[in-house]
Every structure is written in structure tokens, then in C-alpha cells.
Amino acid sequence: SPDGRWLAYTSDQTGASEVYVRPLLRDGDEVRISSAGGTEPAWGPNGREVFYRAQTGGKTSLMLAQLAFGTAPAVVDRRTLFDVTEMATSTPHTNYDISPDGRRFAMVRRNPSGR
């Protein structure tokens, strides 16, 4: 996270890839951020948002999970932002970035001849 207190990551411990957040430097429970699968988590610049890719209706979408922090993080809103099916992935690494103001994304489009 931007403040260095939290780690967002992907795990398949349930049998499917999901996005989690846990404390970075202390003990604490992990909290699942995705609701139906997810990969490539990235923190938003304000530290209260985690973006990730997920399969939705036969396509890949960029998702947004808004978090509130108390003793543990909690998802207060989760929504689909836009279709990223044509954007290259790089699991287990994140293959996109978010502008410092959180309003724009940099992504790599797949090569159409590479399908």
C-alpha cells in the first residue's frame, strides 16, 4: 500500500485465484478483496482502493474494491470499471499502472496477430 502498512496479493489457496490484503509488518488476518476470482492487484494512489482483474460474464474486467481500515481492512464497495479483455496480462505480476491522481490507467494492448 502507499503507506507501507498493507500487502495486496493473489492466492489460490481456495482453489481459485483471489485477491487478498493483509498487514505487511505485523500479525493479522488476511481479508479477501475479490468476490469471484481476481488477479493482478494494484493499490490506488490514495491507499483506500485496490484494483484487480477478474472474469465477468465471459470477459476480463478491471475491478475496483474500495476499502475502509479499522483493526482490519473491510471492503465497502466493489464494482466493475471497464473491459480489459484486449489488454495483456502478466500473472503473477501486475501489467498495468495507475496515474498519481487515480484517474488514468496505462495498459498494454495485446497484439492482434498473437491470438
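This report describes the strands, sheet, cores and selected residues of one predicted protein chain.

The model is predicted, and local features are therefore reported only where pLDDT is at least 70, side-chain atom pairs count only at pLDDT 80 or more, and totals for chains, interfaces and linings use all residues. Residues are numbered from 1 along each chain as its sequence is written, and side-chain values use heavy atoms, with hydrogens and water left out.

## Overall form

The chain holds 0 helices and 9 strands, where helices (H or I, at least four residues) and strands (E, at least two) are DSSP runs numbered from the N terminus. Read from the N terminus on, the order of elements is β-β-β-β-β-β-β-β-β. The C-alpha trace spans about 50 × 35 × 25 Å along its principal axes. For 115 residues a compact globule would have a radius of gyration near 13 Å, and the 14 Å of this chain agrees with that; the radius is taken over C-alpha atoms, and the globule rule is 2.2 Å times the number of residues to the power 0.38.

Of the 115 residues, 36% are buried, a term that means under 20% relative accessible area, while exposed means over 50% and partly exposed lies in between (1.4 Å probe, protein chains only). The chain exposes about 6,700 Å², of which carbon and sulfur atoms supply 47%; these areas come from the Shrake-Rupley method with a 1.4 Å probe, and for residues only the protein chains shown count as cover. Among contacts between residues at least 6 apart in sequence, 33% join residues at least 24 apart, contact being defined as heavy atoms within 4.5 Å.

## Strand pairing

An open sheet of 4 strands has the order β4-β5-β6-β7 with antiparallel pairing, and two strands count as paired if DSSP finds at least two bridges between them. Its edge strands, each pairing on one side only, are β4 (39–43) and β7 (73–83). Neighbouring strands of this sheet are turned by 25° against each other on average, direction ignored; the axes are lines fitted to C-alpha atoms, and angles run from 0 to 180 degrees between N-to-C directions.

The table gives antiparallel pairs of the chain, with a residue pair from each.

| Strand pair | Bridges | Residues opposite each other |
|---|---|---|
| β1 and β2 | 6 bridges | T10 and V19 |
| β2 and β3 | 2 bridges | Y20 and R32 |
| β5 and β6 | 8 bridges | E49 and Q66 |
| β6 and β7 | 9 bridges | Q66 and D77 |

Q66 thus appears with E49 as a bridge partner and also stands opposite D77 in β7.

Several of these pairs are hairpins. β1 and β2 are joined through 6 residues, and G15 in that turn has a positive phi of about 105°. β5 and β6 have 2 residues between them, with G57 in the turn at a positive phi of about 60°, and the hairpin of β6 and β7 has 3 residues between its strands.

## Cores

The largest nonpolar core has 13 residues, and those with the most contacts inside it are V21, I33, W43, V50, Y52 and L67. Such a core is a set of buried Ala, Val, Leu, Ile, Met, Phe, Trp, Tyr and Cys residues joined through side-chain atoms within 4.5 Å. The elements that give two or more residues to this core are β1 (6–11), β2 (18–23), β5 (49–56) and β6. Strand β2 is largely enclosed by the rest of the structure, because 5 of its 6 residues are buried.

Leaving aside neighbours within four places in sequence, I33 is in contact with V19, Y20, V21, V50, Y52, A65, L67, V75 and R78. A second, separate core of 8 residues includes L64, V84, Y96 and I98.

## Two residues of the sheet's edge strands

E40 is found in strand β4 and has a positive phi of about 55° although it is not a glycine. The residue is buried, with a relative accessible area of 1%.

V76, in strand β7, is exposed, with a relative accessible area of 56%. Not counting residues up to four places away in sequence, V76 touches Q66, L67 and A68. The C-alpha atoms of V76 and S61, which are 15 residues apart along the chain, are separated by 19 Å.
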